[in-house]
Amino acid sequence: TWHLKKIPQIVSERTFSLDSPKFEAKPKLELNSVCGIECQRKLPVPSLSDLKDLLSYETVFENGTRTLTEVNVLGLVLDPAGNTTTGRSSRKKRQIYGTDSRFSIYDKRFLTNFPFNTAVKISTGCSGILVSPKHVLTAAHCLHNGKDYVKGSKRLRVGLMKMKSRGDGRKRKGAKRNGMPSFQWTRVKSTHIPKGWFKGVSGDVALDYDYAVLELKRPHKRKYMELGISPAIKMMPGSMIHFSGFDNDRSGQLVYRFCSISDESNDLFYQYCDAEPGSTGSGVYLRLKEPNKKKWKRKIIAVYSGHQWMDVNGEQQDYNVAVRITPLKYAQICFWIHGNDENCTQG
């Protein structure tokens with residue numbers, strides 16, 4: 001079952017205006033030299049002042065203006081254990097591991113219903129997931145390369161799936177499918193990215209903070225996915241996670257996959273889920289039962305960051321990596337969605 005956790009509070013202290021970004025960076029969907037498992041083990045536990053700095057955030061508005069908001073963290077109990085990881089398995093150097101286990105979703109009954117209709121397409125080439133009537137969760141590197149915002153993010157749009165008729169709209173006799181998915185595009189009003197993404201580790205981007213929230217200009221009327229605190233691998237049924245996105249090698253299709261997690265640190269999941277570029281930014285979710293209820297509940301517990309090369313024992317190894325929603329990240333994302341911390345006290 002989901003275990004309720006008391007969540008730290010993120011409160012804004014000061015907001016400054018910054019220069020408008022150039023929006024000239026090239027999108028880079030595969031990152032090199034990020035802090036991997038071995039590097040994570042050696043990192044010191046962040047102090048409270050470090051966390052306040054890392055969780056401060058930039059907001060970019062539709063008109064190109066930009067602000068920095070400094071935050072305070074209340075009610076946090078620091079974990080002295082540091083970045084622990086479990087045993088590591090060997091990995092093959094590719095994004096599809098063995099047999100391709102992805103499923104393309106064609107049937108309208110699934111495409112237009114929960115949970116698949118919570119998946120969205122980001123105009124910079126990534127995926128995302130609906131987390132409120134007006135907000136989308138995605139990966140930070142879909143919008144910013146660590147130094148500047150990517151080209152196309154100034155006029156950012158989010159595509160929600162809808163069904164279109166084949167051909168000229170007349171029903172074909174005997175056709176089994178009701179159409180192919182297309183997208184209803186909505187402009188983005190503002191974007192929040194944590195400062196931790198810009199700071200990086202040893203001058204490189206910090207994968208731990210590879211997440212962002214987009215506020216849509218117009219609310220949608222769909223069911224959205226709730227946030228959850230990421231449990232440890234041993235607390236998950238079969239260590240199993242699920243996510244859907246728009247992989248580049250299957251154009252126009254929604255692609256679903258599930259797999260078990262191989263390894264974890266405090267902030268990251270390392271897994272074998274088959275995925276190609278385009279699915280980056282998808283919401284990773286799992287199914288658990290709510291306390292004292294018989295129903296299963298799906299909640300987002302991580303953001304798929306994509307296929308990454310990392311330094312392990314002096315050698316480059318590759319992983320498919322997801323950023324865990326820790327209690328602190330839950331508090332931050334929830335604060336971005338609600339504008340206060342009142343609705344964010346229980347994970």
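This report walks through a predicted model of one protein chain, from its overall make-up to a few residues worth finding in the viewer.

## The overall picture

Let's start with the whole chain. It has 347 residues, and 54% of them are buried. In terms of secondary structure, you'll find five helices and 17 strands.

The chain also folds back on itself a good deal in terms of who touches whom. Take the contacts with a separation of 6 or more: 74% of them link residues 24 or more positions apart. As for the outside, the accessible surface is about 16,300 Å², and carbon and sulfur atoms account for 48% of that.

## Empty space inside

Rolling a probe the size of a water molecule over the atoms shows where empty space is left. Here, the count is four cavities of 30 Å³ or more. The largest cavity has a volume of about 110 Å³. Its lining is made of 15 residues, and the ones closest to the centre are Val60, Ser153, Lys154, Leu156 and Thr191.

Which strand gives the most to that lining? That would be S9, with five residues. Strand S2 (57-61) and strand S9 (180-194) each supply at least two residues. The lining is a mix in chemical terms: seven residues are nonpolar, three are polar and five are charged.

## Two residues at the cavity: Val60 and Thr191

Val60 and Thr191 are both among the residues closest to the centre of the largest cavity, and they touch each other too. Start with valine 60, which sits in strand S2. Its relative accessible area is 7%, so it counts as buried. Leaving out residues up to four places away in sequence, valine 60 touches Pro21, Phe23, Thr65, Arg66, Tyr149, Lys189, Ser190 and Thr191. One of these, proline 21, is 39 residues away along the sequence, with 8.5 Å between the two C-alpha atoms.

Threonine 191 belongs to strand S9. Is threonine 191 buried or exposed? With a relative accessible area of 8%, it falls under the 20% cut-off, so it is buried. Its contacts, again skipping residues up to four places away, are Glu58, Thr59, Val60, Leu143, Leu156, Val213 and Leu214. Leu156 in that list is another of the residues closest to the centre of the cavity.

## Phe23 and the loops

Phenylalanine 23, one of the residues that valine 60 touches, is in the loop between strand S1 (9-18) and helix H1 (37-42). Even though it's in a loop, phenylalanine 23 counts as buried, at 9% relative accessibility. Check its backbone as well: phi is near 55°, a positive value in a residue other than glycine.

Phe23 is also a contact of lysine 151. You'll find lysine 151 in the loop between strand S7 (135-138) and strand S8 (157-164). Neighbours within four places aside, lysine 151 is in contact with Phe23, Glu24, Ala25 and Thr124. Lysine 151 and lysine 26 are 125 residues apart along the chain, yet their C-alpha atoms are separated by 6.2 Å.

Lysine 147 lies in the loop between S7 and S8 as well. How does lysine 147 fare, buried or exposed? Its relative accessible area is 78%, so it is exposed. From lysine 147 to tryptophan 197 is 50 residues in sequence, and 9.5 Å in space from C-alpha to C-alpha.

## Two helices to look at

Now for helix H2, which covers residues 48-55 and has Leu51, Leu54 and Leu55 as its buried residues. Why do these three end up on the same side of H2? They cover an arc of only 90° around the axis, and that puts them on the same side. There's a general rule to keep in mind here. An α-helix has 3.6 residues a turn, so residues three or four places apart point the same way.

Helix H3 (residues 108-111) is home to leucine 111. Leucine 111 has a relative accessible area of 1%, so it is buried. Leucine 254 is 143 residues away from leucine 111 along the chain, but the two C-alpha atoms are separated by 7.9 Å.

Key. Residues numbered from 1 in each chain as written. Predicted model: local features only at pLDDT ≥ 70, side-chain atom pairs only at ≥ 80, totals over all residues. Heavy atoms only, no water. Helix = DSSP H or I, 4+ residues; strand = E, 2+ residues; numbered from the N terminus. Buried < 20%, exposed > 50% of the residue type's maximum accessible area, 1.4 Å probe, protein only. Contact = heavy atoms within 4.5 Å. Areas by Shrake-Rupley, 256 points an atom, 1.4 Å probe, with all protein chains shown as cover. 1 Å grid on protein atoms, 1.4 Å probe; cavity = no way out; pocket = protein on both sides within 12 Å on 5 of 7 lines; lining within 4 Å. Points joined across faces, edges and corners; volume = space filled by probe spheres on them. Nonpolar A, V, L, I, M, F, W, Y, C, P; charged D, E, K, R; others polar. Arc of directions from axis to C-beta.
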